[in-house]
Amino acid sequence: MSKGLAQQGREQWKSRTGFMLAAMGSAIGLGNIWKFPYITGEYGGAAFIIVYLICIALIGIPIMLAEFAIGRNTQKDAVGSFQELTPGKPWFITGIFGVISAFLILSFYGVVAGWALSYTTKAMSGDLLAIPPDKLGDHFGGFIGTSLGPILWQLLFMAIVIVIVVKGIKEGIEKWNKILMPALGVLLLILVVRGLTLPGSSEGVAFLFSPDFSALTGEAILVALGHAFFSLSLGMGTMITYGSYVPKNINLPTAATGVSLADTGFALVAGLAIFPALFAFGMDPGAGPGLIFITLPAVFDLMPFGQFFSVLFFLLISVAALTSAISILEVPVAYFMRKFEWTRKKATWILGTIIFLFGIPSSLSLGAWSGFTIFGKGFFDAVDFLASYILLPLGGLLTALFVGWAIGKKKAEEIGGLAAGGFVNKLWIVTLRFIAPVLILIVLLSSTGLLDVILKAIGLKG
Ligand code: TRP
């Protein structure tokens, strides 16, 4: 009875398009515009991209479908959905990991998004392009190392996220994604056309699309898989939660494929907006995390109408980060609303505030608190590492095993929305049962250093 009532009152997406845009908004974010370009640059370009594409197709799409399917079938949050499908069993711990990951990821995600907001205003005022190119690195390092400034920008960003999530699924999340995602597409398009029409841009295109497999290391493969999870918003219950607002008549396999393709396409096109410009002006593509904050402003400085394009670019990052951050906050919000019967307003404000506060040490660890380390990493890097390279793959692994084994074959074949008894359905289950778990396990073992220990123990490594 009470369950029936709770279900009746539960929110849903207004339209298929709204759901698709929200899921794309979640996937497309800092991962695409900040992380993807710099790791592609660090790991050598096209060969890395090919491995990344294989990870998306082989593991990303099947797990995204698994998350959508779990959510839609149960119409519950990241924890409740596991309880509903396997009552009395410990599988719900997967969801608890998800809620914890959401706290961790959003805490430092908000810090980086704050930098992007700040750079947007610096670009608008003209201050950014007034900095001599050789001083941009010092400027960035100085800015993120300041105590108060970055925290205030992070606060502003988190406040915007909270205000949107408070409004709920239809009137908050869906409505804003419907406005912001098309805007994002237009911004990116303008930047790509600009990048590709610069003289000397073809070298950048070659860097992205002509592979040199000799540059590919074991580490590059691990980073590619880890990033596939991060970029597709998997392993944390985000897509379970968004899937739980999906009406019964929407085709999930098409949605999972569409969202994954859009996310991947966006990363590649963002690469096309960035690398040709870098090469055209002789900048280093392997500059690391500072790539878009240090190297790109130098590029804008040299470009005709550079200020205009620099504003567009940092606006693009801020908007992409916003639609992703919304989806991360929704994971704990949906959980606390059901579990503790909090109103959406209460859950969003309390959880959003806690996450903001938790981000403060991350921000400070890049300056005033840089002496404080955990396992040799600063707080920011430690949180990123724990969440992105341990908790997300672990969440993905458990999700694959859950649908592949725990809920029973019949149920699994039913909930994905793939043709009953069909080849694709069987392939999906086999992927969730064997392929994805084995590959993820390898990544997990290696990122924790356990792989080395095992390889040494069995004599495969000196
Ligand atoms: N996918 C987003 C990006 O690329 C970030 C993100 C949103 C995310 N939700 C997530 C990452 C859930 C991991 C898990 O920026």
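**The ligand and the spaces in the protein**

Of the 18 residues that surround the ligand, those that come nearest are Leu 30, Gly 31, Tyr 109, Phe 230 and Ser 233. The structure described here is a predicted model, and a good way to get to know it is to begin at the ligand and then turn to the empty spaces.

Polar atoms of the protein lie beside the ligand at several points. Leu 30, one of the residues that come nearest, has a polar backbone atom 3.0 Å from an oxygen atom of the ligand. Ser 26 also takes part through its backbone, with a polar atom 3.3 Å from a nitrogen atom of the ligand. In Ser 233 it is the side chain that is involved: one of its polar atoms is 3.0 Å from a ligand nitrogen. The ligand taken alone exposes 360 Å², and the protein buries 100% of that area.

Several helices build the surroundings of the ligand. Two or more residues of the shell come from each of α2 (16-27), α3 (30-42), α6 (93-125), α12 (218-231) and α16 (306-339). By class, the shell holds nine nonpolar and nine polar residues, and no charged ones.

Where does the ligand sit? Its place is the largest cavity, which holds about 160 Å³ of space. The lining of this cavity consists of 19 residues, and Ile 105, Tyr 109, Phe 230, Ser 233 and Ile 328 are the ones nearest its centre. Tyr 109, Phe 230 and Ser 233 are thus familiar from the list of residues that come nearest to the ligand. The helices α2, α3, α6, α12 and α16 each give at least two residues to the lining of the largest cavity. Ten residues of that lining are nonpolar and nine are polar, while none is charged.

The largest cavity is not alone, as the count comes to four cavities of 30 Å³ or more. The second largest cavity has about 60 Å³ of space. Its lining is made up of Leu 191, Arg 194, Gly 195, Ala 273, Ile 274, Ala 277, Leu 296, Phe 300, Met 303 and Phe 313. At least two lining residues come from each of α10 (169-196), α14 (252-280) and α15 (291-302). In the lining of the second largest cavity, eight residues are nonpolar, one is polar and one is charged.

The pockets add a further part to the picture. About 350 Å³ of space lies in the second largest pocket. Of the 15 residues that line this pocket, Tyr 38, Pro 289, Phe 380, Asp 381 and Asp 384 lie nearest its centre. Which helices supply at least two residues each to this lining? They are α3, α8 (136-145) and α18 (379-406), and α18 gives the most, with five residues. Helix α3 also supplies at least two residues to the lining of the largest cavity. The lining of the second largest pocket includes four charged residues, along with ten nonpolar and one polar, whereas the lining of the largest cavity has no charged residues.

Conventions:
Residues are numbered from 1 along each chain as its sequence is written. This is a predicted model: local features need pLDDT of at least 70, side-chain atom pairs count only at pLDDT 80 or more; totals for chains, interfaces and linings use all residues. Side-chain values use heavy atoms; hydrogens and water are left out. A residue is near a molecule or strand if one of its heavy atoms lies within 4 Å of it. A polar contact is a pair of N or O atoms within 3.5 Å; within protein, one must be able to donate a hydrogen and the other to accept it, and residues adjacent in sequence count only if both atoms are side-chain atoms. Accessible areas come from the Shrake-Rupley method with a 1.4 Å probe; for residues, only the protein chains shown count as cover. On a 1 Å grid over the protein atoms alone, a cavity is a set of points where a 1.4 Å probe fits but cannot get out, and a pocket is an open set with protein on both sides within 12 Å along at least five of seven lines; lining residues have an atom within 4 Å of a point. A molecule sits in a cavity or pocket if more than half of its atoms lie within 2 Å of its grid points. Helices (H or I, at least four residues) and strands (E, at least two) are DSSP runs, numbered from the N terminus. Ala, Val, Leu, Ile, Met, Phe, Trp, Tyr, Cys and Pro count as nonpolar, Asp, Glu, Lys and Arg as charged, and the others, Gly among them, as polar. Grid points are joined across faces, edges and corners, and a volume is the space filled by probe spheres set on the points.
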